[in-house]
Amino acid sequence: MTRPFRLSDPKRARALADAIRILAPVAPFKIVHVCGTHEMAITRNGLRRFLPETVDLLEGPGCPVCVTPAADIDEAIAIARAGATLCTFGDMMRVPGSERSLDNARSDGCDVRAVLSASDAVDLAREAKHDVVFFAVGFETTAPMTAAILLDDPPANLSVLVSHKQIPQAMAALLDLPDSRIDAYLAPGHVSTIIGTRGYEPWLVKRRIPIVVGGFEPLDILYAVALILRQHQDAAPAVENGYPRAVDTHGNPAAQALIDTVFETADVRWRGIGCIPDSGYALRAALEAFDARRRFSLDLPEPRDEIPGCRCPDVLTARAVPTECPLFAKRCTPLSPIGPCMVGSEGACSIWFRYGGREAL
Ligand code: SF4
């Protein structure tokens, strides 16, 4: 099978669609991806039209904002209420905590600010005389940036509330959920540039399902789906690179070194899934002075992730699509979101609302 070097090529798209049709199994086959950018490309370009009836392609826990648990948002709000300036990415502002969101906290008078990067938080801290806390969310792609600011002589009034997560461990955990019925993964191109294809192996090779890294152009995604189906037909599951122009086996050693220097792995909670062993990061002891959880000695009530009527836990685990939620596009819209999947720009509900979802394609 040739590689999709040309990005907008109707002939190649037709050839890939034919290959997918020929390789498609007769029995239902569920491919899950874990990347909001993939969902955006799939939905916006109507790629599900290219898939045979038996092949389903769903988003799992690929939106970092959506998988941030209420517990972490409660901590961020408590820190802001304690008088610190709390800064984080804009998408986090409206994600619900147990009772309130960061946006609500800002309305209550707390100093909560949206920043574009971790280094913006450093700039804020250098100008301030009080505590500035960076609420650090995201996967292996954003963790190196948080690590970098902590290795670059940060001001003493800066600390970090770490909520970074690791994708391969979540992919493995999803396979063990009741009713998950996942047959293959389309692995995320962005994360894979950091961890390389070998980053999936410790967690997923023994699970014996196809895992193909895909890029973000429509042809990249169709190509990755074809590779997945070919692995399935050949009964030869493996971690395979379908995005070789950006991803290699070993990933980005410099980014990995930043992560390893600053973080150790930790058991963390994912919204919709629960606690996954070794699936997150905590600051190493040498950097504990910059750990917001230590600096603010938080002691909060038990968090509450569930939102009545919201099916985000099912959407985040690829056990439902947004339109299966009775609130979708009725009580829950991007202007008035109820669950995190409608808040985050990479959330499945938000993307399906904006671009039509599967039914409208
Ligand atoms: S439509 Fe809204 S309430 Fe329903 S699952 Fe999505 S975010 Fe939750």
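Mentor: A salt bridge is a side-chain nitrogen of Lys or Arg within 4 Å of a carboxyl oxygen of Asp or Glu. This model is predicted: local features need pLDDT of at least 70, side-chain atom pairs 80 or more, and totals for chains, interfaces and linings use all residues. Numbering runs from 1 along each chain as its sequence is written, and side-chain values use heavy atoms, without hydrogens or water.

Trainee: Which residue meets Asp18 in a salt bridge?

Mentor: Look in helix α1, residues 10-23 (helices: DSSP H or I runs, at least four residues; strands: E, at least two). The partner lies there too, three residues from Asp18, about one turn of the helix. Nitrogen to oxygen, the pair spans 3.2 Å, and the partner of Asp18 is Arg21.

Trainee: Is Arg21 buried or exposed?

Mentor: Compare relative accessible areas (buried under 20%, exposed over 50%, partly exposed in between; 1.4 Å probe, protein chains only). Asp18, at 37%, is partly exposed. Arg21 has 53%, so this residue is exposed.

Trainee: How far apart in sequence are the parts tied together by Arg293 and Asp72?

Mentor: Their closest N and O atoms are 3.7 Å apart, a salt bridge. Arg293 lies in helix α13 (292-295) and Asp72 in helix α4 (70-81), so the pair ties together parts separated in sequence by 221 residues.

Trainee: Which residue is linked with Asp72 and Arg293 in a network of salt bridges?

Mentor: Asp72 is buried, at 11%. Arg293 is partly exposed, at 29%. The other member of their network is Glu75.

Trainee: Where does Arg284 lie?

Mentor: Arg284 forms a salt bridge with Glu264, 4.0 Å between the closest N and O atoms. Glu264 belongs to strand β10 (263-270), while Arg284 lies in the loop between β11 (274-283) and α13.
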